[in-house]
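Me: Please take a close look at one part of this structure, the nonpolar core and what surrounds it, and describe it in connected prose.

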Amino acid sequence: MHTNNYIPGTMQNMLPALHPETHAVSKRAKKKALMQWFVLWLALAILGGAIGANLFIDYGRTADREQTSLSTQARIVAQNIELQLATCNRMLEELLDDLSIRHISYDAQTGTQYLQAIANAMPGIHSIGIIDSDGILIASSRPESLGGNFSHLDYFQTTKRQPSSRAMHVSAPYRDPYIPHAITITRAIRGSRGEFRGLVYATLNPDYFHSLMTSVLSVPDMWNTAIHGDGLVFLSAPKRDPLNGTDLAQAPSFFTAHRDSGKATSIFKGKVLNSGNTQIIAQHTIQPASLNMDKPLIIAVGRERAAIFNSWVKAALVHGGLYLFISLIAVLGLYAYQARQREFGEKETLANAALRASEENHRLIVENTMDLVVKLDTDGHFTYVNPAYTKLYGVDLDQLRDREHDQDVVDDDKHLADMFFKQLFNPPHAVACNLRENTVKGVRHVHWTAQAILDESGNVTEVICIGRDVTQQIQHMNKLEEQAQRDQLTGLANRRHFMHVAGVEFARAQRYQNPLSLLALDADHFKNINDTYGHQAGDIVLQKFSQIFREVLREVDIIGRIGGEEFSVLLPETELLSAVAVAERLLDAIVSSKVVLSSGVTIRYTASIGVATLSTTTDTLSELLNEADRALYQAKNSGRSRVNVAGVSTNVTEEVPLA
């Protein structure tokens, strides 16, 4: 591992050495920033163009859709009026075919009733009548007008001047006593020589046609109007009194534009009668060849342009606002991003210098620490070891190249080392464990912590392990644990540890129904020993008891000092008779033993033993202890230095007097 040389000092003192590199990075950063701005503006331009094109297309679609709708509505009104005109024309032809009409010898009363019936059957007709060659009304669906002279009216004079038998004359709008702007269609009555003999007429009902025109108004700003071929407006919906009667042929208007176009249907865009709002108007001409009309009728349907494009304008404002918002966010975002990048660049320059300094510090720490630091590849082979590892194991990295990571682990712990290594390849990729390993100092306990290093894809690339020799700590903990479990004077299990171990063995005996016995032992007249020879002599006697227990009893037997001069012995796999035999051997050994003090005084002693065995009525270890204690008390009450079985009075050994 090598280190970079640098001039000691503050970070600012190190920056000049990095200046050429920093300058090159700065140039690249500026070029990258300009490219980012170019890409942003290009993207915004494309986005703006796309939004504009979409709005333009939508504008055209809106205009086409509305023009088509207005044209359709104008055609529908025109077709309905044309149908009414055709019906009126057939009715007039039927009147002309009446021979009585041809001879003008018509009964007024009969004719009036007949004409009233026809007018009532035709809602589009206001009145029907017959006028003779002198202009006198001789028959009418409105009898109040009979006998009147109508020779002065334009439609009479026009029909008289052009007495064609096939022509249907459409009068210009005129003021009728019943209708403000009346339209009358007429057919001439001709004599046998073709001379003018009068006319038949039908005056259109404006209320009927107004209802028809109103029915196609789908939005509040829509309007339509009926115009005579000479340019006079005679009907509008909704009703516009100032418009009715207006002569649209006097000045350039939507009517003159339609008339001059020569088309049956046309679209006009502009202002109507000096109104402030631009209109879009569809016009349709009514003059079918089958009716032979001398004057056409024009139906105009219009809407305000602003109302038509109101939704489009709102959408355009929303799109425009959204585009401006996106542009503002994008510009501010890129500006903030580049500012942050510049800040990061400056910090990175400083960080690189600091990194070079810290790498040297890290190397010094790793190579001088007392902890073991190693690196492993994904196959578990060593790629780095620090000097502390080399010193403890007596090998260097070259000697470890082909060795497995668990090479020095004791055989009983190799499975732990293997499990330890495999766990690093699963989240959280960090583990810790204790292993016993063979070192130049012998078998040592090493506590390892390891962390797997991952690449960008989350795959393990290498493993870093840090180990610490914890042998002394473990030995110390074991010693403390032993001290916590052992009686300091005799080395036997203390009461707490005895109860724990005996409880486990008791539960096992109950589970598998194995025999189990318990001895309760107490030194006889132990207080006299303490009072006569001193407590130190008493301690020596208790230690002698401990020695006798270890010599006489099995390794599987559990021995504990319960308190003072009291002991308990749990005998696994031992029935009552065998337990009594063990107790007798113990008692014999105790009786035959002695303690010689440094003063030359010899102390002899005895003990009393109570024996209890596990039975079907024994539920707990405490009950078994109580039974053994009761047997012990019986032995003492029976004279001491004897074995007594729980529930049975047995004198096994005569009391031996103290020396």
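Reply: In this predicted model, the largest nonpolar core holds 52 residues, of which Ile81, Leu85, Met91, Ile128, Ile185, Leu297 and Ile299 touch the most other members. Helix α2 gives the most to this core, with 15 residues. Apart from this core lies another, of 33 residues, which includes Ile529, Ile559, Val643 and Val645.

Leu297 is a useful residue from which to follow the surroundings. Leaving aside residues up to four places away in sequence, Leu297 touches Ile81 and Leu85, together with Val170, Ile227, His228, Phe234, His284, Thr285 and Ile286. Some of these contacts can be set beside the strand pairing, since Leu297 in β10 stands opposite His228 and is also the bridge partner of Ile286. Strand β10 pairs in the antiparallel sense with β6 (residues 223-228) over six bridges, and in the antiparallel sense with β9 (residues 278-286) over eight bridges. Seven of the eight residues of β10 (residues 297-304) are buried, so this strand is largely enclosed by the rest of the structure.

Helix α2, spanning residues 19-97, also contains Val39, and here the setting is one of surface. Val39 is partly exposed, with a relative accessible area of 46%, and together with Met35, Phe38, Leu42 and Ile46 it makes a nonpolar surface patch of about 510 Å². Because patch residues need over 30% relative accessible area, Val39, at 46%, meets that cut-off.

Notes:
Residues numbered from 1 in each chain as written. Predicted model: local features only at pLDDT ≥ 70, side-chain atom pairs only at ≥ 80, totals over all residues. Heavy atoms only, no water. Patch = residues over 30% accessible without salt bridge, like charges linked within 9 Å, V, L, I, M, F, W, Y side chains within 5 Å. Areas by Shrake-Rupley, 256 points an atom, 1.4 Å probe, with all protein chains shown as cover. Salt bridge = Lys/Arg side-chain N within 4 Å of Asp/Glu carboxyl O. Helix = DSSP H or I, 4+ residues; strand = E, 2+ residues; numbered from the N terminus. Buried < 20%, exposed > 50% of the residue type's maximum accessible area, 1.4 Å probe, protein only. Pairing = 2+ DSSP bridges. Core = buried A, V, L, I, M, F, W, Y, C linked by side-chain atoms within 4.5 Å. Contact = heavy atoms within 4.5 Å.
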